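Biologist: I am new to this structure, and I would like to understand the reasoning behind the words used for it. Could we go through them one at a time?

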Amino acid sequence: MLAAARACILPAIRLYLLGLKVLLVQLFSSPFRLPAMPRQDGKVVIVTGGGSGIGYEVVRHMARLGAHVIIGGNDEQKGLAAIRRICEEYREARAGVMLVREGRTEDGFEQHFGVNYLGHFLLTWLLLDTLKDSGKCGQYSRVVHVSSSAHRIGEIRLNDLNSCRNYSAHAAYCCSKLAQAVFSSQLHQELQSGGHPLSSCAVDPGMVNTALYRHLWTPLRLAESAIARLLFRTPAEGAAAVLHAALSPALEGERGGGYWADGRREEAAPLTFDPELRLSLWETSLRLLGLQ
């Protein structure tokens, strides 16, 4: 009983302390301003969770630049069949979730892991050949993962990716974001070693006033709704970092990889660079999704 309580409480404390640190840093720094970006006429962009929040702002900006935008949904209960449908339609998604109650997707995966990580892994994998063929020297295709500083306190247990033991929504969320960062790093390495005109990066938009926090404990949700309007970044400000990674000529080619925040490259968590973890997670993900 004590171990279970500790496993639930400690991740929550760590996540909220990290959130406080990130918020304080934001308060004393100016939000990243997106410079003018080139037109995207003839380009196709897939935005997961494009119906609201950061995704919606990314869609609006991409459309204004002339891109053809395909929007993925964000029903956290749906399974991976929705990802496959998006890919099928594209050839002729999903947004993130945070602190949802313990539950499973239609495919039987823990919701944070299934939506935040496996769904994006599958979408990328199914479109990988198309993305490779779409890029060319001097004009790479790009995969941009919307990450979070929460990945820094995440832990990946390869023998319990579905968080079956001592479930904690806070720990599960951090695990899913770390898995996403690990995947982004491993994918970029695989692409560059293969000489493909496609890059992969992860972007931290900061603390943004979106519906992501709707599953907070009720007292915290009430406090967050008041604080967010005053102190959090707007969805448009959060989208600026994502758009920069997706569109900036300065991130062309191999320069487009890595972990980015406020328009600057930053060091991701040390586990992101663990070669054994990266390869093990990659192979485990392929097996879980029936791709191997």
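**Reading the sheet and the cores**

Modeller: Let us start inside the sheet of this predicted model, where 4 bridges join β4 to strand β5, residues 258-261, and the two run parallel. Within this pairing, the bridge partner of Cys-201 in β5 is Gly-258.

Biologist: What makes β4 and β5 a pair?

Modeller: At least two bridges are needed for strands to pair, and 4 bridges join β4 to β5, so they count as a pair. On the same reasoning β3, residues 141-146, pairs with β4, because 6 bridges join these parallel strands; one of the partnerships there is that of Val-146 with Val-203 in β4. Between β3 and β4 the chain passes through helix α6, residues 169-193, in a right-handed β-α-β crossover.

Biologist: Why are β3 and β6 called edge strands?

Modeller: The open sheet has 4 strands in the order β3-β4-β5-β6, with mixed pairing, and β3 and β6 (264-266) each pair on one side only. From one strand to the next, the twist averages 40°. Helix α8, residues 235-247, lies across β3, β4 and β5, and runs at about 155° to β3.

Biologist: How do you know whether Cys-201 and Cys-137 are buried or exposed?

Modeller: Buried means under 20% relative accessible area, and Cys-201 has 2%, so Cys-201 is buried. Exposed means over 50%, and Cys-137 has 81%, so Cys-137 is exposed.

Biologist: What makes β4 a mostly covered strand?

Modeller: Of the 7 residues of β4 (198-204), 7 are buried. Leu-198, Ser-200, Ala-202 and Asp-204 point one way, while Ser-199, Cys-201 and Val-203 point the other way, and all of them are buried. In a regular strand, side chains alternate between the two faces of the sheet.

Biologist: How many disulfides does a search of the whole structure find?

Modeller: The search finds 0 disulfides, which means that no pair of cysteine sulfur atoms lies within 2.5 Å.

Biologist: Which residues have the most contacts inside the largest nonpolar core?

Modeller: They are Tyr-117, Phe-121, Ile-156, Leu-187 and Leu-281, in a core of 29 residues. The elements giving two or more residues to this core are α4 (111-126), α5 (128-134), α6 and α9 (275-288). Leaving aside residues up to four places away in sequence, Leu-281 touches Tyr-117, Ile-156, Leu-158, Leu-161, Ala-179 and Val-182. Another core, of 20 residues, lies apart from the largest one and includes Leu-65, Ala-67, Leu-243 and Leu-247.

Notes:
Residues are numbered from 1 along each chain as its sequence is written. This is a predicted model: local features need pLDDT of at least 70, side-chain atom pairs count only at pLDDT 80 or more; totals for chains, interfaces and linings use all residues. Side-chain values use heavy atoms; hydrogens and water are left out. Buried means under 20% relative accessible area, exposed over 50%, partly exposed in between (1.4 Å probe, protein chains only). A crossover is right-handed if, with the strands pointing away from the viewer, the path from the first strand over the helix to the second runs clockwise. A nonpolar core is a set of buried Ala, Val, Leu, Ile, Met, Phe, Trp, Tyr and Cys residues joined through side-chain atoms within 4.5 Å. Contact means heavy atoms within 4.5 Å. Axes are lines fitted to C-alpha atoms, for helices over the stretch in contact, and angles run from 0 to 180 degrees between N-to-C directions.
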